[in-house]
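Trainee: Could you take me through one part of this model closely, the way its helices pack against each other, and then carry on to the ligand site? I would enjoy one connected walk-through.

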Amino acid sequence: MRPDAEATGPLDAREAAQVKQCCARLYESEIVTRLLGDSFHPGGAALTERLGRVLALTPNSRVLDAASGKGTSAILLAQRFGCSVVGVDLSHHNVAHARSEADRLGLTGRVTFKVGDAERLPFDDASADAIICECAFCTFPDKRAAADEFARVLRPGGRVGLSDLTRAPGPAGEFADLMAWVACLADACPADSYSARLGDAGFIDVSVENHDSVLLEMIRKIGSRLFAVDVLRGLNKIELDGIDFDAAKRMTRQALVAVEEHRLGYAVVWASKPELSAARANTP
Ligand SMILES: C[S@@+](CC[C@H](N)C(=O)[O-])C[C@H]1O[C@@H](n2cnc3c(N)ncnc32)[C@H](O)[C@@H]1O
């Protein structure tokens, strides 16, 4: 099981690499696509559009989607706001899928994808007007490095928007089963910690919006899809080896209760990189 960073301290480089690879593999798996579809975050298109609005995207915006998964949000933002988007994700498999979707939809050149690590972004300083990161910041072992990278790659005055899983302060013990299955979620934090990370990286005007209801919706959807997939398996209509469906259903119920009791949640957090003049004024 991935150790709980709050309880055990930072991971060493080997453990951190394992967590990232485990997360990338999980989101390439057939079971995740069957349970979540191609958009891997609670709130789906509506919450991505909300992010696009709080980031004030326009057709001139150069947007970076950090941990872009199958490219669903990058494509949606380009279609809704007319902006150009580059997505970066650790998973070669997801990047290949995202590229072929962008090509299929005639967005070649305006929506592009790269394999890369959000903690070491393969982009120049000040090359993006806006950055989104959906349901992924919580999985990064080195959140400080990722927040610093967002600040480096954004131009002065640019905005970053995260949408992410939140967890009440305290040890992750009660979620041990859930975290063992979705190991990279063990490091989800209270929304205030995400804000603090952005603040530490120099961002200002940090805002937080609660979206627990979309997490409830997603968990309910996963519950009913798990049930359907299990029935199909029983009828020999699909093969999915290595999944303990009883444990998965138990975890789903456990997660539902945790959201209802505000121990798990979902939030949108956004902030601005200071304009150059403001940054100079704050320099002693
Ligand atoms: C929960 S999915 C979210 C995907 C996408 N943002 C969405 O909402 O559909 C998490 C994604 O983060 C990617 N990922 C995990 N760690 C990463 C890292 N350090 N750098 C880039 N991508 C990462 C995984 O490969 C996976 O595609």
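Mentor: Helix α7, residues 143-153, packs against helix α9, residues 191-200, with the two axes 8 Å apart and an angle of about 55° between them. This is a predicted model, so please read every value here as computed from predicted coordinates. An angle of about 55° falls outside the ranges for roughly parallel, roughly perpendicular and roughly antiparallel, and α7 and α9 are therefore oblique to each other. As for handedness, α7 and α9 make a right-handed crossing.

Keep that pair in mind as you turn to helix α4 (residues 44-54) and helix α5 (residues 72-81). Their axes come within 10 Å and cross at roughly 60°. Here too the label follows from the angle: α4 and α5 are therefore oblique to each other. The crossing of this pair, α4 with α5, is right-handed.

Now look at helix α10, which spans residues 212-234, and helix α11, which spans residues 245-260. The axes of α10 and α11 lie 10 Å apart, and the packing angle is about 165°. Angles over 145 degrees count as roughly antiparallel, and that makes α10 roughly antiparallel to α11. The crossing in which α10 passes α11 is left-handed.

From the helices we can move on to the ligand. The shell around the ligand holds 21 residues, and those that come nearest are Phe40, His41, Ala67, Asp89 and Ala118. By character, the shell divides into 9 nonpolar, 8 polar and 4 charged residues. Helix α2, residues 13-26, gives the most to this shell, with 3 residues.

For a chemist's eye, the polar contacts are worth a stop. Phe40 appears again here: a polar backbone atom of this phenylalanine is 2.8 Å from an oxygen atom of the ligand. On the nitrogen side, a polar side-chain atom of aspartate 117 lies 2.9 Å from a ligand nitrogen atom. Glutamate 134 takes part through its backbone, with a polar atom there 3.0 Å from a nitrogen atom of the ligand. Finally, consider how covered the ligand is: taken alone it exposes 600 Å², and the protein buries 100% of that area.

How values were computed:
Residues numbered from 1 in each chain as written. Predicted model: local features only at pLDDT ≥ 70, side-chain atom pairs only at ≥ 80, totals over all residues. Heavy atoms only, no water. Near = heavy atom within 4 Å. Polar contact = N/O pair within 3.5 Å; in protein donor to acceptor, adjacent residues only side chain to side chain. Areas by Shrake-Rupley, 256 points an atom, 1.4 Å probe, with all protein chains shown as cover. Helix = DSSP H or I, 4+ residues; strand = E, 2+ residues; numbered from the N terminus. Nonpolar A, V, L, I, M, F, W, Y, C, P; charged D, E, K, R; others polar. Axes fitted to C-alpha atoms, helices over the stretch in contact; angles between N-to-C directions. Parallel < 35°, antiparallel > 145°, perpendicular 65-115°, else oblique. Left-handed = near helix turned anticlockwise from the far one by under 90°.
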